[in-house]
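Colleague: I am new to this structure. Could you walk me through it?

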Amino acid sequence: MNKYATILAGGGGTRFWPLSRQEIPKQLLNISGNDIMLNDTIERFKGIIPQENTVIVTNRTQAVLLESIMHSSVQKSNILIEPVARNTSASILFAAFSIQQMSEGDSLMVVLPSDHYITDEPQFRLTLDEACTVAMESNAIVTIGIKPTFPSTGYGYIAYDQEPIAVKPVAVYDVAEFVEKPDFKKAQGYLASGNYLWNSGIFIWKTSVIIDNFKRYLPRLYNTMLPISEALGTDQEQETINRIYPLLQNISIDYGILERSDEVVVLSGQFGWNDIGSWDALGAIFPPDDEGNIIKANHVGIDTRNSIIYGNGRLITTIGVDGFIIADTGDALMICPKDKAQSVKDIVDLLKDKGMLEYV
């Protein structure tokens, strides 16, 4: 069975503002020092999925830049451009229909976010290969959960049954429920219980399986998308996409299918996974100094501890700062406590409300 990777790369990365902007979001930035995050993602599944079978879903604003800097193995025809954002369910169904048209039949589809950081790539490839085998040998929706190492309030969780339903090629568990980001007390309880995993956002399924689930659980989205499916590869493709896409239901794959389907199973992964979703996650990439600081700036400080300081060359000086994020990009300066890192997206919303779109 042909394997295809679908990378969701249309997000704005609003929790990484002001570094991440709508036209240059974090997945198109080199944050790790290796390559842009999108290319790191493509390189990561080498040997498991043919890199030429990479499908990228993005938006019109980012498409031109993406085409100029993405991995050389990806064909331009494999970039699916959404004219408007309609959440992950629409992106995934668009990709599933496109993969079916490319492969002229059923294929294995691996869905990957574009902005994750993984330290143990050999172990990641092993786990992904095992998950692909489970999906190919069943009609299950397979996800990879991450064994939690601390009570995170920034990640969603997956509750799973204690007894595995299969042990070869790897232990596989029925998913009991998906849980939204908890408060700290609940996160501590999840960690102590031993049957919760972080939701990595990595999914593996046959295209036929996920399309059947759309028919069952999101029939309105499926039926509205059908004209796009029928127009793929024809002269009417672009006109149909532009006309139909704004009409699509706006709902995430988690709410739309994963929380409703009884066919979802999970594998536990341990490969140094981190969702670099906000400034406070930089500690996963860069070890703090002796004062607990992560400094990527021209910086001089006195009594500065446990802070993240990012600059673009201009001198940043600090006195008596403890537990703050300071990010300077030249046209914008953002300062906030580290424990408010998840709220940076609210500043982006406020800028939009005030019409200050040049900063967004």
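What follows is a set of questions and answers on a predicted model.

Colleague: Which residues of helix H2 (residues 60–69) are buried?

Modeller: Start with the outer side: Val64 and Ser68 of H2 are exposed. The buried residues of H2 are Gln62, Ala63 and Leu66.

Colleague: How wide is the arc that these buried residues cover around the axis of H2?

Modeller: The buried residues of H2 pack against helix H1 (37–44), strand E2 (54–59) and strand E3 (79–82). The buried residues are on the same side of H2, because the arc they cover around the axis is only 115 degrees.

Colleague: At the start of H2, which backbone nitrogen does a side-chain oxygen of Asn59 reach?

Modeller: The approach is to within 3.0 Å. The side-chain oxygen belongs to Asn59, and the backbone nitrogen to Thr61.

Colleague: Turn to helix H10 (residues 344–353). Why do its buried residues line one face of the helix?

Modeller: The buried residues here are Val344, Val348 and Leu351. Their cover includes strand E17 (333–337). They line one face because, seen down the axis of H10, they fall within an arc of 60 degrees.

Colleague: What phi does Gly355 take?

Modeller: Gly355 comes just after H10. Its phi is positive, at about 75 degrees.

Colleague: In what order do the 4 strands of the open sheet stand?

Modeller: The pairing in this sheet is mixed. The twist from one strand to the next averages 5 degrees. The order is E12-E14-E16-E17.

Colleague: Which strands stand at the edges of the sheet?

Modeller: Look for strands with a single partner strand. Each of these has one side without a neighbour in the sheet. The edge strands are E12 (294–296) and E17.

Colleague: Which residue of strand E14 (residues 308–310) stands opposite Lys296?

Modeller: E12 and E14 run parallel, and 3 bridges join them. Opposite Lys296 in E14 is Tyr310.

Colleague: Ser89 is in helix H3 (residues 87–103). Which backbone oxygen does its side chain reach?

Modeller: Ser89 is buried, with a relative accessible area of 0%. Leaving aside neighbours within four places in sequence, its contacts are Phe214, Leu218, Leu221, Ile251, Ser252 and Ile253. The side chain reaches, at 3.1 Å, the backbone oxygen of Ile251.

Colleague: Is Asn87 buried, partly exposed or exposed?

Modeller: Asn87 also lies in a helix, H3. Its phi is positive, about 75 degrees, although Asn87 is not a glycine. Most residues other than glycine have a negative phi. At a relative accessible area of 34%, Asn87 is partly exposed.

Colleague: Where does Asp303 lie?

Modeller: Asp303 has a positive phi too, near 50 degrees, and is a residue other than glycine. Its relative accessible area is 49%, so Asp303 counts as partly exposed. Its place is in the loop between strand E13 (299–302) and E14.

Colleague: How many aromatic pairs does a search of the whole structure find, and what is the geometry of Phe97 and Tyr222?

Modeller: The search finds 13 aromatic pairs. Phe97 and Tyr222 have centres 6.0 Å apart and planes at 45 degrees. Phe97 is in helix H3 and Tyr222 in helix H7 (residues 219–231), 125 residues apart. Both are buried, and the pair is tilted.

Colleague: What is the angle between the planes of Phe203 and Trp205?

Modeller: Phe203 is buried at 4% relative accessibility. Trp205 is buried at 0%. Their pair is stacked, with centres 5.7 Å apart and planes at 5 degrees.

Colleague: Which residues do ring pairs link into a cluster?

Modeller: Follow the ring pairs from one residue to another. The cluster holds Phe150, Tyr155, Trp198 and Trp273.

Colleague: With which residue does the side chain of Glu239 make a polar contact of 3.0 Å?

Modeller: Glu239 is in helix H8 (residues 237–244). At 39% relative accessibility, Glu239 is partly exposed. Its polar contact joins it to the side chain of Arg243.

Colleague: Where do the prolines of the cis peptide bonds Trp17 to Pro18 and Lys168 to Pro169 lie?

Modeller: Omega is near 10 degrees from Trp17 to Pro18, and about 0 degrees between Lys168 and Pro169. Most peptide bonds are trans. Pro18 lies in the loop between strand E1 (3–8) and H1. Pro169 lies in the loop between strand E7 (157–160) and strand E8 (173–179).

Note on methods
Residues are numbered from 1 along each chain as its sequence is written. This is a predicted model: local features need pLDDT of at least 70, side-chain atom pairs count only at pLDDT 80 or more; totals for chains, interfaces and linings use all residues. Side-chain values use heavy atoms; hydrogens and water are left out. Buried means under 20% relative accessible area, exposed over 50%, partly exposed in between (1.4 Å probe, protein chains only). Helices (H or I, at least four residues) and strands (E, at least two) are DSSP runs, numbered from the N terminus. The arc is that of the directions from the helix axis to the C-beta atoms. Contact means heavy atoms within 4.5 Å. A polar contact is a pair of N or O atoms within 3.5 Å; within protein, one must be able to donate a hydrogen and the other to accept it, and residues adjacent in sequence count only if both atoms are side-chain atoms. Two strands pair if DSSP finds at least two bridges between them. Axes are lines fitted to C-alpha atoms, for helices over the stretch in contact, and angles run from 0 to 180 degrees between N-to-C directions. Rings of Phe, Tyr and Trp (its six-membered ring) pair if their centres lie within 6.5 Å; planes under 30 degrees apart count as stacked, over 60 as edge-to-face and the rest as tilted.
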